[in-house]
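The following note collects points for a colleague examining the model displayed below. The points may be read beside the coordinates, one at a time.

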Amino acid sequence: MHPENNEEELLKGLAINDKRAVETIYRENYNMIQTLIISNSGTTDDAKDIFQEAMIVLYEKTKGGNFTLNCQIKTYVYSICRRLWLKRLQQINRYSNEMDSLSEVVPSEEDIEDHERKNEEFRLMEKAISTLGEPCKSLIEAFYIQKMNMQEIANLFGYTNAENAKNQKYKCLMRLKKIFFSQYKNGNGNG
Amino acid sequence: MDDVKILEAVERYIRGEMKPDERVYFEQLRKDNQEVDQMVVEHTVFLHQVNELAERKEFRSTLQEVHTDLAEKDLIHSAKLKGNDKVIYLWNRYKRVAAIAASIAGITALTFSGLVVAFSPKQDNQKLQELDRKLSIVTRDNVIQKAELNNIKRKIDPASFTSGGTGFLIDGKGYLVTNEHVIKNAKNIAVQNSKGIIYNAIVIHQDAARDIAILKIADDSFRVINSIPYNFKKSSTDLAEPIFTMGFPRNEIVYGEGYLSSKTGFLGDTLTCQIAIAANPGNSGSPVLNKNGEVIGLLSTRQKAAEGVVFAIQSKYINKAIEDLKKADSSYQNIRMPSGSLKGIERTEQVKKLEDYIFMVKIN
């Protein structure tokens with residue numbers, strides 16, 4: 001058997017964003033999901049959306065380290081997609097009972113809840129970053145998201161040297177942290 | 001400006017960019033100065049969040065690439081690109097043009113460089129000493145305040161119960177958990193619920209090392225409560241997860257919110273976890289709950305220095321204490337950990353439901 005076909009290896013690859021592993025899982029599962037979505041009043045765009053969201057759920061689960069999948073990848077991805085699509089349909093009131101007849105294979109509610117909580121956290125962080133305005137937003141993104149080093153950033157943004165860029169970055173970082181943590185610390189309830 | 005310098009030091013420390021001697025110096029500083037320690041913890045949480053976001057974005061772009069690739073090669077049944085998009089895809093595939101985009105952005109950004117003001121850096125330790133001084137003033141004020149508060153308490157309370165804390169029910173038969181340091185020097189113990197009803201209580205288990213004590217209400221007027229609405233979380237809690245607590249820092253129940261800032265407590269203590277929450281003396285022994293209303297820990301305010309640095313004893317050690325108790329004395333075999341659930345309920349409702357199960361612990 002080709003090592004790539006080994007599910008455990010695939011999940012290990014997925015956890016480190018290995019493109020070959022992602023591609024294999026994608027290739028082996030996408031069509032199944034597209035059929036599921038389209039036969040339940042969705043479009044190909046919906047299918048892509050839902051499938052990629054499910055891939056992220058799986059990716060984030062494997063990334064945690066202490067994770068074992070108690071079923072085949074196929075079964076898991078199918079369950080997650082089914083749930084996500086059901087939720088989407090309910091949101092836009094296109095819910096039909098037909099979907100109910102599709103048996104639920106593995107319980108996935110908790111994984112989806114975790115995923116939604118993460119999405120919300122990321123939304124807060126992205127909102128905090130965009131509140132910063134320029135040049136802070138680009139500077140922070142270049143360093144912390146795109147992981148460029150200070151010299152590259154200095155060149156890209158036209159700072160005279162890396163030291164200047166760095167000082168500016170820390171000033172931006174102070175503001176970002178203030179915005180970010182004010183969303184967490186909800187007042188001094190214990191006054 | 002000096003705040004920037006400290007932040008820089010904290011970030012370099014977390015990212016492992018300090019030279020060995022600098023690192024030793026910084027670690028000592030962290031040990032001596034609670035405020036610096038809290039900054040490290042907080043910044044770790046922050047960097048963790050940003051990093052997760054970066055990884056998520058990277059994964060999303062991998063997915064996009066893979067999707068387009070597979071569709072073009074007809075390996076999945078998805079629409080192929082047409083017209084302009086197709087040209088862009090092919091162009092990207094064979095020529096990475098990041099450099100072009102980068103240089104355009106560079107020219108735009110040139111304008112900003114003029115705005116950058118360089119500043120003269122002061123020594124880190126100078127600033128930190130200053131911080132230390134400020135901190136000791138705050139601490140002194142705190143002590144004075146506390147003394148005054150105690151005075152007032154003594155005047156109000158006719159029963160002359162001197163110090164207090166918080167405790168909460170772990171079994172409706174009248175078993176409560178609190179901090180060991182709350183009841184350490186007690187001759188008599190009384191617990192009072194949010195309605196003001198007072199019951200006598202006795203200590204049935206004491207663990208000074210873990211700072212956990214189990215009390216039993218020993219009062220004829222106490223009626224057994226059949227079900228407790230919360231439960232104890234067994235698995236670990238995520239960094240930066242929002243949490244809340246309810247306790248008796250003063251004569252009525254007070255609610256507080258915060259987040260989990262470190263999975264291990266002060267200087268890597270695995271017994272506790274560090275939380276950022278506003279807490280006062282008297283909050284000792286309060287339950288720490290997550291968004292689902294599950295008890296994740298027992299609040300312990302042993303650290304006096306920095307504001308917002310609070311430690312919680314992880315809930316699994318409460319379980320452990322009860323197991324120890326059962327082993328030591330068979331008459332407590334019937335203690336059952338609660339299995340209620342507050343999941344999916346609005347916070348205000350959760351708080352209302354919790355109120356009746358949290359008690360003020362008074363001693364003399």
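1. The model is predicted, and the first point concerns a histidine in chain B. B:His43 lies in helix H3 of chain B. Is this residue buried or exposed? The relative accessibility of B:His43 is 0%, and B:His43 therefore counts as buried, the cut-off being under 20%. Leaving aside neighbours within four places in sequence, the contacts of B:His43 comprise A:Leu173 and A:Lys177 from chain A, together with B:Leu7, B:Val10, B:Glu11 and B:Ile14 from chain B.

2. The helix that carries B:His43 also packs against chain A. Helix H3 of chain B spans residues 34–72, and its partner is helix H6 of chain A, residues 109–131. The axes of the two helices are 10 Å apart and make an angle of about 105°. Because angles of 65 to 115 degrees are classed in this way, H6(A) and H3(B) are roughly perpendicular to each other. On the side of H6(A), the residues that meet H3(B) are A:His115, A:Lys118, A:Asn119, A:Glu121, A:Phe122, A:Met125, A:Glu126 and A:Ile129. H3(B) contributes B:Phe46, B:Gln49, B:Val50, B:Glu52, B:Leu53, B:Arg56 and B:Lys57.

3. Chain A as a whole may be summarised next. Its secondary structure consists of 9 helices and 0 strands, giving the pattern α-α-α-α-α-α-α-α-α along the sequence. Chain A has 191 residues, of which 49% count as buried. Among contacts in chain A with a separation of 6 or more, 61% join residues 24 or more positions apart. The accessible surface of chain A is about 9,400 Å², and carbon and sulfur atoms account for 48% of that surface.

4. Which residues have the most contacts inside the largest nonpolar core? They are B:Phe168 and B:Tyr230, in a core of 45 residues. A second, separate core has 38 residues, including A:Ile33, A:Tyr78, A:Ile80 and B:Phe59.

5. Chain B contains a closed barrel of 6 strands, in the order S1-S2-S5-S4-S3-S13, with antiparallel pairing. Direction ignored, neighbouring strands of this sheet are turned by 40° against each other on average. Helix H8 of chain B, residues 315–328, packs on the sheet and touches strands S1, S2, S4 and S5 of chain B. The direction of H8 makes about 60° with that of S5(B). Within the barrel, strand S2 (residues 175–178) and strand S5 (residues 212–217) of chain B run antiparallel and are joined by 4 bridges. B:Thr178 is placed opposite B:Ala213 of S5(B).

6. Strand S11 of chain B, residues 294–300, merits separate inspection. Since 7 of its 7 residues are buried, S11(B) is largely enclosed by the rest of the structure. How do its pairings run, parallel or antiparallel? With strand S6 (residues 231–232) of chain B, the pairing is parallel over 2 bridges, and B:Phe232 stands opposite B:Val295. With strand S10 (residues 287–290) of chain B, the sense is antiparallel over 3 bridges. B:Pro287 has B:Leu298 as its bridge partner in S11(B). S10(B) and S11(B) make a hairpin with 3 residues between them, and B:Gly293 in the turn has a positive phi of about 75°. With strand S12 (residues 310–314) of chain B, S11(B) pairs in the antiparallel sense over 4 bridges. Here B:Leu298 stands opposite B:Ile313 in S12(B).

Note on methods. Residues are numbered from 1 along each chain as its sequence is written. Chains are lettered from A and ligands numbered from 1 in the order in which they are written. This is a predicted model: local features need pLDDT of at least 70, side-chain atom pairs count only at pLDDT 80 or more; totals for chains, interfaces and linings use all residues. Side-chain values use heavy atoms; hydrogens and water are left out. A nonpolar core is a set of buried Ala, Val, Leu, Ile, Met, Phe, Trp, Tyr and Cys residues joined through side-chain atoms within 4.5 Å. Buried means under 20% relative accessible area, exposed over 50%, partly exposed in between (1.4 Å probe, protein chains only). Contact means heavy atoms within 4.5 Å. Accessible areas come from the Shrake-Rupley method with a 1.4 Å probe; for residues, only the protein chains shown count as cover. Two strands pair if DSSP finds at least two bridges between them. Axes are lines fitted to C-alpha atoms, for helices over the stretch in contact, and angles run from 0 to 180 degrees between N-to-C directions. Angles under 35 degrees count as roughly parallel, over 145 as roughly antiparallel, 65 to 115 as roughly perpendicular and the rest as oblique.
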